[in-house]
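Student: I would like a close look at one part of this model, taken slowly and with the cut-offs stated as we go.

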Amino acid sequence: RAPPPPPARRARTAARAGAAGIGPPGRKFLGGMRVFTTRLDHGELFACGECGTHLSRAELLESKQFKGKTGPAYLMTRVWNLSHGPAVDRHLLTGDHTIQEVYCAVCEANVGWTYLHAEDERQQYKVGKFILEKALIRRVVTRAPDAVAASAASSASSSSSSSAVG
């Protein structure tokens with residue numbers, strides 16, 4: 001087993017990884033600090049529009065009938081890999097609410113907000129849920145790890161069989 005690299009080398013490696021946006025799955029480097037993120041399972045996901053960090057699963061989308069500052073927005077029941085701004089009172093289309101802006105935990109891009117309180121009793125269903133603005137996120141489709149391995153094995157066997165025929 002090789003000895004660990006000296007501290008100066010580790011710092012340079014972390015700085016390069018952070019600048020390149022690379023690192024082990026589930027880990028990102030930001031400002032010289034390691035940020036641990038949750039990598040969501042395969043399927044259709046919503047990710048940060050800036051850096052691609054996984055934010056939520058498509059099946060957690062509760063409604064597409066919302067408007068954000070940038071246009072259409074989605075109401076989500078659960079979102080990961082976020083940091084939160086301070087609580088602020090806002091007058092929105094549906095009344096007075098207390099919200100917190102939410103940011104990608106990796107690149108700190110604004111992706112929407114979360115509802116902390118709603119004055120109107122009919123709007124209470126939003127409390128604890130998240131708005132992801134469509135213009136600030138992107139849809140990503142990922143495959144299961146075993147499907148990726150099966151696909152790689154299939155293409156390897158088809159290329160070897162075609163070279164044997166040729």
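Student: Over how many bridges do strand β6 (residues 71–76) and β10 pair, and in which sense?

Tutor: Strand β6 (residues 71–76) and β10 are joined over four bridges, and they pair in the antiparallel sense; two strands are said to pair if DSSP finds at least two bridges between them. What you see is a predicted model, in which local features need pLDDT of at least 70 and side-chain atom pairs count only at pLDDT 80 or more, while totals for chains, interfaces and linings use all residues. Residues are numbered from 1 along each chain as its sequence is written, and side-chain values use heavy atoms, with hydrogens and water left out.

The individual pairs show how this part is put together. On the β6 side, Met76 stands opposite Phe130 in β10, and Tyr74 has Leu132 of β10 as its bridge partner. Leu132 also faces a residue of another strand, since Gly112 stands opposite Leu132 in β10. That second pairing belongs to β9 (110–118), which is joined to β10 by three bridges and runs antiparallel to it. With β10 (130–133) held between these two partners, its faces can be examined next. In a regular strand the side chains alternate between the two faces of the sheet. In β10, both faces are covered: Phe130 and Leu132 on one side, and Ile131 and Glu133 on the other, are all buried, where buried means under 20% relative accessible area, exposed means over 50%, and partly exposed lies in between (1.4 Å probe, protein chains only).

Seen from further back, β10 is a member of an open sheet of six strands, whose order is β5-β6-β10-β9-β8-β7 and whose pairing is antiparallel. The edges of this sheet are β5 and β7, each of which pairs on one side only. Neighbouring strands of the sheet are turned against each other by 30° on average, direction ignored, with axes taken as lines fitted to C-alpha atoms (for helices over the stretch in contact) and angles running from 0 to 180 degrees between N-to-C directions.

The loops of this region deserve the same attention. Between β9 and β10 the loop holds Gly128, a residue that is partly exposed at a relative accessible area of 44%. If neighbours within four places in sequence are left aside, Gly128 is in contact (heavy atoms within 4.5 Å) with Thr77, Thr114 and Tyr115. Gly128 and Ile99 are 29 residues apart along the chain, and their C-alpha atoms are separated by 9.6 Å.

Two further loop residues are notable for their backbone angles. Most residues other than glycine have a negative phi, and most peptide bonds are trans. Asn81, however, has a positive phi of about 60° although it is not a glycine; it lies in the loop between β6 and β7 and is buried, with a relative accessible area of 10%. Glu108, in the loop between β8 (95–104) and β9, also has a positive phi, near 65°, but Glu108 is exposed, with a relative accessible area of 54%.

For context, a second open sheet is formed by three strands in the order β4-β3-β11, with antiparallel pairing. Its edges are β4 (54–57) and β11 (137–142), each with a single partner strand, so one side of each is left without a neighbour in the sheet. The twist there averages 35° from one strand to the next. Strand β3 (residues 43–48) and β4 are antiparallel and joined by three bridges, with Leu45 standing opposite Arg57 in β4. Gly52, in the loop between β3 and β4, is in contact with Ala47 and Arg138 once neighbours within four places in sequence are set aside. Gly52 and Ile137 are 85 residues apart in sequence, yet their C-alpha atoms are 8.3 Å apart in space.

Taken as a whole, the protein has two helices and 11 strands, where helices (H or I, at least four residues) and strands (E, at least two) are DSSP runs numbered from the N terminus. From the N terminus on, the elements follow the pattern α-β-β-β-β-β-β-β-β-β-β-β-α. Of its 166 residues, 34% count as buried, and among contacts between residues at least 6 apart in sequence, 45% join residues at least 24 apart.
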